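Here's a quick tour of one model, with a look at strands, aromatic rings and a helix pair. Have the structure open while you read.

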Amino acid sequence: QYLTNSIINNIPVGLYVKDVADDFKYLFCNRSAFDFLRSGREDVIGKNDFEIFGRSKAEAIRNEDLQLVSDRTKIERTGQVGGASGSPVTYEEVRIYSEKKDGTPLIIGVFWDITSRVALEKELVEAKEKAEESNRLKSAFLANMSHEIRTPLNAIVGFSSVLANTENEEEKRGYISIIENNNELLLQLIGDILDLSKIEAGTLEFTESDVDLREMFSGIEQSIRLRIPDGHPVDVRFEEPESDYRIRTDPNRLMQVVTNFMTNAIKFTAEGNIRFGYRDRNDGELYFYVSDTGCGIPPE
């Protein structure tokens with residue numbers, strides 16, 4: 001009996017016995033059950049569910065018990081109660097119908113805490129959904145990049161063939177200019193793809209140096225003007241501030257960000273102007289901007 005009691009009171013599972021004939025009063029609870037209920041022996045033993053829990057919960061338990069006695073099978077359920085820390089505790093419970101040797105009907109129940117398991121399952125589901133979404137976005141990105149890369153590549157291949165069979169010097173210069181522009185676009189696209197891979201691998205590096213912003217932005221202005229498509233009356237202008245600014249940053253990354261915004265502005269501006277530059281916000285930070293007279297971003 002001592003061995004049995006030691007085992008029953010030290011297992012990490014709540015165990016209880018109810019006397020069906022005596023208004024479903026509790027005959028026995030082990031230590032884990034008392035700890036789970038946060039009650040002492042005098043608060044549980046010899047009392048029924050209506051004396052321990054709220055009426056609505058007690059009625060639900062009583063209905064389940066009556067059904068169990070009627071069917072003489074078992075009940076398996078999952079529920080939640082308030083924990084000691086105030087956060088809900090999820091538990092799993094199994095109740096069975098049994099009888100003493102003299103035929104006295106009993107209900108024996110066991111329950112255990114599955115809060116951590118439920119939390120882990122939720123995390124796994126969320127991780128699976130994130131992985132699926134990441135995979136979908138990667139597929140969409142690759143499909144888009146495939147199209148983006150094919151466009152300049154086709155232009156390079158096509159105009160290179162035409163260039164080989166052209167004798168007019170002016171036409172040659174025109175074709176060479178088109179090929180050079182598409183070379184730059186292709187290199188930029190490949191650079192973006194490589195940067196994305198570096199970001200995902202956590203290996204993207206920043207190399208800082210002193211940068212003269214006026215000099216950098218003047219260079220961007222000259223480069224962007226060469227990318228304006230023929231027949232698009234668009235004026236590209238770097239709005240130079242009165243003061244000179246030298247900052248310490250990664251010049252390649254800063255140029256990449258500004259150039260990406262400028263490229264986007266070109267794509268959606270058929271006429272008018274594109275203005276870009278920077279200004280002091282008077283709080284120790286610089287504000288960089290690109291504005292254009294294109295279609296803009298839809299309000300929604």
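Is Phe111 buried or exposed? Phe111 is buried, with a relative accessible area of 8%; buried here means under 20%, exposed over 50%, and partly exposed in between (1.4 Å probe, protein chains only).

Before going on, some ground rules. This is a predicted model, where local features need pLDDT of at least 70 and side-chain atom pairs count only at pLDDT 80 or more, while totals for chains, interfaces and linings use all residues. Residues are numbered from 1 along each chain as its sequence is written, and side-chain values use heavy atoms, with hydrogens and water left out.

**Rings**

Rings of Phe, Tyr and Trp (its six-membered ring) pair if their centres lie within 6.5 Å; planes under 30 degrees apart are stacked, over 60 edge-to-face, and the rest tilted. That rule gives 15 aromatic pairs. Two of them are set out here:

| Pair | Centre distance | Plane angle | Type |
|---|---|---|---|
| Phe36 and Phe111 | 4.9 Å | 55° | tilted |
| Phe217 and Phe276 | 5.6 Å | 20° | stacked |

Phe36 is in helix H2 (residues 31–37) and Phe111 in strand E5, so their pair ties together parts 75 residues apart in sequence. (Helices, H or I with at least four residues, and strands, E with at least two, are DSSP runs numbered from the N terminus.) Unlike its buried partner, Phe36 is partly exposed, at 24% relative accessible area.

The stacked pair also links distant parts of the chain: Phe217 belongs to helix H8 (residues 213–225) and Phe276 to strand E9 (residues 272–280), 59 residues apart. Both Phe217 and Phe276 are buried. They share one aromatic cluster with Phe238, Tyr245, Tyr278 and Phe288.

**Strands**

Back to E5 (residues 105–113): nine bridges join this strand to E4, and the two run antiparallel. Strands pair if DSSP finds at least two bridges between them. Arg95 stands opposite Gly109 in E5. E4 and E5 make a hairpin with five residues in between, and Gly103 in the turn has a positive phi of about 90°.

E4 (residues 88–99) also pairs with E3 (residues 74–82), again antiparallel and over nine bridges. There, Gly79 stands opposite Tyr91 in E4.

**Helices**

Helix H7 (residues 169–201) packs against helix H9 (residues 251–267) at about 125°, with axes 13 Å apart. Axes are lines fitted to C-alpha atoms over the stretch in contact, and angles run from 0 to 180 degrees between N-to-C directions. H7 and H9 are therefore oblique: under 35 degrees counts as roughly parallel, over 145 as roughly antiparallel, 65 to 115 as roughly perpendicular, and the rest as oblique.
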